[in-house]
Amino acid sequence: ISKDGRLLSVAEIERQLQHIYDNSTEGPEVGVLTSNHRDTWAKDYASLVAGDPQNARTLEDIVTAAFVVCLDTAQPASPLELSKLAFHGGENGEMLGNRWWDKPAQIIICDNAEAAYVGEHSVMDGTPSVTMVDRMLSAIKSPDFDHGNTENQVMKFAPPSLLEWKTTPSIQNAIASARKAADASVGKQDMGMTSTSYGRDAIKTFGFSPDAWAQMVIQLAYHRLVASTSPQKTGRRRNGGTYEAASTRGFLKGRTETIRTVTEESMAWCDSMDDSSTSEEERKRLFKAATKRHGEDAGKAVKAMGVDRHLFGLQKVLKPGEDVPELFKDPLFVRAKTWIVSTSAIFSPHFTRGYGWGQVVPNGFGVAYMTGFPDELKFTVTSQKDQPNAQFVRELEKAAGDLKSLFESQDSSLKSNIATYDTRKVMTKAPVARFDDLPPELCLFIARLSTAQSDHRIQDTVRISNINSRTRNIVINTPDLWRKFSLAGSASSHGLGRHCVHRAGNQPMDLVISLPKPMEQDKIVYGFLNCFKLAAPRIARLDALIGHPSSLDIVKALLSQVELPTLKDITVKYVYEDHEGFDRWILLPSCGANLRTISLIGIQTQPFSQLDLENLTSLYLGAGKHWRWMGMSLATFLPAAKSVQDLYFAGEEGMFHTSLNEDDWDLADSPLTLPALRRVHFVDTAPSFMTSFLHQVNAPLLEEVDMTAPLHGKVNEEGREVFADWIAAVRSIRHDPARALPAHTLKLHEGDVEYDPREMFTFALFLMVAFPNITSLEIEGDFYSILHICGTLADRQSQGTPKVWSSIEKLKVSSVFDQDSDEDYGEFVAHLAGSLQSLKEKRVMNLQELRLSVDQSLRPPKGRVSVEALSKLVGVLILDD
């Protein structure tokens with residue numbers, strides 16, 4: 001702040017700090033005096049003041065400052081080095097003199113841009129310290145942060161003045177003595193850090209509080225540590241208790257209370273974990289009892305119903321010379337107040353390096369932990385070097401792993417799901433009280449994340465808005481949070497829908513209709529219709545899942561009778577299996593005008609002559625379980641969809657068997673030209689369908705074809721296996737080469753299919769005649785054999801076989817290894833190199849780029865891979881994953 005009360009801009013502050021950095025010189029290490037024993041420092045403080053008036057002025061400037069910024073020359077290379085720098089000035093205390101340990105807040109900036117915060121506990125607790133740091137860093141990162149004047153507008157202030165010290169011989173002796181004491185203290189200090197491979201999200205999937213979980217990890221680790229270092233090897237010998245801090249900020253001037261984590265329940269569970277006679281189910285039962293007790297004790301502590309602060313207060317009201325009550329002399333009381341393990345948890349998303357403090361007794365440990373990260377728990381352990389710090393850290397790692405394994409065993413599917421557990425599911429659980437402490441920006445971020453990703457659409461946003469009046473005001477007054485909602489066959493969804501419509505203001509809305517069952521009550525139908533009509537003028541996207549004919553009738557009526565002027569994207573999926581007849585249809589609103597994307601699965605719509613699809617860019621037609629309707633779908637849509645760029649044909653559980661004959665098209669001329677078509681996707685489509693498509697459609701600008709071949713063993717309408725039709729397709733295209741498509745990119749996905757060599761050979765023939773101009777080929781799984789077929793066909797060119805691809809410049813080969821596969825990826829790569837070398841010698845393909853990709857979701861590939869041979873065959877070799 002300038003002398004006239006103006007806040008300095010960022011550029012002005014930077015200039016001041018740069019001046020300090022450039023002009024600082026070595027001076028007396030007065031700061032090290034603040035690290036000494038409080039009584040000693042009090043005497044040295046008085047000596048400084050008495051020694052020279054300049055010292056008194058300097059001390060006044062430091063004491064009245066809000067905080068201290070320490071510009072360190074250190075360059076910590078790891079979180080552990082950075083933590084030691086903050087804790088005691090570095091590994092050997094080299095930066096101790098560049099601190100003022102009395103200040104409640106010190107910000108340390110290192111030469112390599114690492115930063116740390118040091119808080120002094122006597123006047124500040126962890127929660128307000130973290131809140132201050134979070135708000136400071138969040139403000140700086142915000143795009144709305146006011147940086148003040150720009151560099152060109154920086155005002156000319158006098159440079160910062162040096163705070164000078166006048167040191168007498170006695171002060172110099174005091175500094176030397178303080179440095180010696182500090183070096184001795186630092187030399188005794190040890191620190192260890194670790195983190196787990198799972199975090200908050202996984203723990204919540206198991207149904208436990210992350211804090212209780214972490215506390216039990218600490219208890220089990222220390223239990224095992226004591227057992228391994230105790231002569232009796234019993235694990236029961238403890239020299240004191242475990243302290244966990246609980247905040248009592250709900251009370252005026254409230255600070256903390258103690259949660260006593262060691263209970264009969266936690267001890268019983270710890271004993272069971274290394275007792276081979278105890279079953280897993282019993283261990284789980286004991287763990288649930290221990291965490292339940294921990295939760296109960298924590299709840300009492302937060303409400304100031306603990307015992308420690310009460311007893312502490314009684315001790316402090318004793319006057320000097322008064323007799324000390326026998327209670328405070330009792331060995332059990334003394335032992336219970338000896339915190340061998342002192343723990344606490346705070347969390348900040350900015351504390352990615354960890355945090356910590358010192359042990360509170362010489363033979364104890366300080367265990368700081370963080371449970372707020374979704375994918376890891378962090379632990380920092382401090383102790384003196386004569387304590388088994390490294391062993392304790394290893395026990396923490398083992399305890400965390402053993403506890404995770406205990407509960408993974410109850411559901412093997414969790415093993416694969418934990419790593420990608422969706423945080424939005426956590427939102428559906430009751431919020432913790434600490435949500436009140438979150439800054440408004442974070443409340444809004446959580447609400448936006450929930451709205452964007454949650455399967456429940458709007459329910460989680462409503463829950464967030466109901467936490468307290470502050471979050472309610474934030475969420476309700478943010479219209480874009482309410483633009484996505486669901487309508488189902490329940491009155492509650494209709495009520496939520498009305499809330500969304502009113503709170504979304506003028507925002508375009510996304511609506512999901514989910515009607516897997518019939519709506520049997522008239523009042524439910526009435527509520528559904530009213531909510532839909534209320535939202536209709538602003539619906540931009542509509543997704544409907546329909547599972548019953550009566551529900552289909554309701555949706556049909558809505559789409560045909562209610563105006564949807566802003567609708568751009570529509571998806572309708574009909575999944576009722578027993579519906580036969582020609583009434584499996586809907587009418588597109590406004591005959592499809594203004595629609596950009598249409599997806600229809602198992603459902604029909606009005607004839608193309610009634611459609612206005614000039615804005616349509618993407619069309620998805622899925623057979624669902626009813627392939628008989630798909631020929632009609634194509635004839636209905638394509639003549640009206642001249643602007644479509646992406647076409648998707650998905651056979652799904654049915655299959656595109658139906659040929660497209662001229663009766664289907666009801667057109668005098670063929671083929672039909674789709675001038676804007678760029679990409680076409682064939683999923684589970686039969687040869688007869690593809691042949692008809694090639695015959696009826698002309699796509700001069702087609703760039704990409706994406707195919708998943710039909711399942712092995714499926715039959716067409718005549719009862720023949722579908723692969724029998726590939727030969728007919730090849731003959732048809734060779735007879736009329738104009739039917740071939742001009743695509744340059746071909747992507748082949750194997751699906752869950754096994755082909756015999758003859759079928760694959762026939763299929764490859766079809767691909768080469770249907771897509772002769774391919775320059776980029778992507779193959780997956782069993783389709784790798786197409787490379788061998790290319791070589792075989794090259795050898796038979798003189799026998800009149802179709803021309804082999806010779807213009808392919810880019811090749812991508814994707815591999816998947818399932819759990820039962822013994823295939824060696826190294827051998828596969830070596831075999832691929834041999835195949836490509838053979839093709840190169842036969843002048844098949846002209847590879848400039850090769851990309852290898854491995855799907856490791858089932859298991860990692862086995863074997864040692866050498867790419868030397870491949871790198872000699874192509875100009876660019878890319879290795880994914």
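This report describes a six-stranded sheet, its covering helices, a hairpin, a surface patch and selected loop residues in a predicted model.

The model is predicted, so that local features require pLDDT of at least 70 and side-chain atom pairs count only at pLDDT 80 or more, while totals for chains, interfaces and linings use all residues. Residues are numbered from 1 along each chain as its sequence is written, and side-chain values use heavy atoms, with hydrogens and water left out.

**The open sheet**

Six strands form an open sheet in the order β4-β9-β8-β7-β5-β6, with mixed pairing. Strands are DSSP runs of E with at least two residues, and helices are runs of H or I with at least four, numbered from the N terminus; two strands pair if DSSP finds at least two bridges between them. Because β4 (189-195) and β6 (256-260) each have a single partner strand, one side of each edge strand is left without a neighbour in the sheet. On average, neighbouring strands of this sheet are turned by 25 degrees against each other, direction ignored. Within the sheet, β7 (residues 339-345) and β8 (residues 365-370) pair in the parallel sense over 5 bridges, and S342 stands opposite G366 in β8.

**Helices across the sheet**

Helix α4 (residues 79-88) lies across β4 and β9 (378-384), running at about 140 degrees to β4. Helix α10 (residues 280-302) lies across β5 (241-247) and β6, at about 160 degrees to β6. Axes are lines fitted to C-alpha atoms, for helices over the stretch in contact, and angles run from 0 to 180 degrees between N-to-C directions; contact means heavy atoms within 4.5 Å.

In α4, the buried residues are L82, S83, K84, L85, A86 and H88. Buried denotes under 20% relative accessible area, exposed over 50%, and partly exposed in between (1.4 Å probe, protein chains only). The cover over the buried residues of α4 includes β2 (105-109), β3 (115-119), α6 (169-188) and β4. Just after α4, G89 takes a positive phi of about 75 degrees.

**The β2-β3 hairpin**

Strands β2 and β3 pair in the antiparallel sense over 5 bridges, and Q106 has V118 in β3 as its bridge partner. The two strands form a hairpin with 5 residues between them, and A113 in the turn has a positive phi of about 75 degrees. In a regular strand the side chains alternate between the two faces of the sheet. In β3, A116 and V118 belong to the covered face, whereas A115, Y117 and G119 belong to the uncovered one.

**Surface patch and loop residues**

I13, L17, I20, F67, V69 and I109 form a nonpolar surface patch with about 460 Å² of accessible area together. Helix α1 (residues 10-23) supplies the largest share of the patch, 3 residues. I13 is found in helix α1.

T278 lies in the loop between α9 (264-273) and α10. Not counting residues up to four places away in sequence, T278 touches S272 and R283. K253 lies in the loop between β5 and β6, and M845 is found in the loop between α27 (825-841) and β24 (849-855). Neither is a glycine, yet K253 has a positive phi of about 60 degrees and M845 has one of about 70 degrees.

| Residue | Relative accessibility | Class |
|---|---|---|
| I13 | 41% | partly exposed |
| T278 | 16% | buried |
| K253 | 79% | exposed |
| M845 | 10% | buried |

Technical notes. Patch = residues over 30% accessible without salt bridge, like charges linked within 9 Å, V, L, I, M, F, W, Y side chains within 5 Å. Areas by Shrake-Rupley, 256 points an atom, 1.4 Å probe, with all protein chains shown as cover. Salt bridge = Lys/Arg side-chain N within 4 Å of Asp/Glu carboxyl O.
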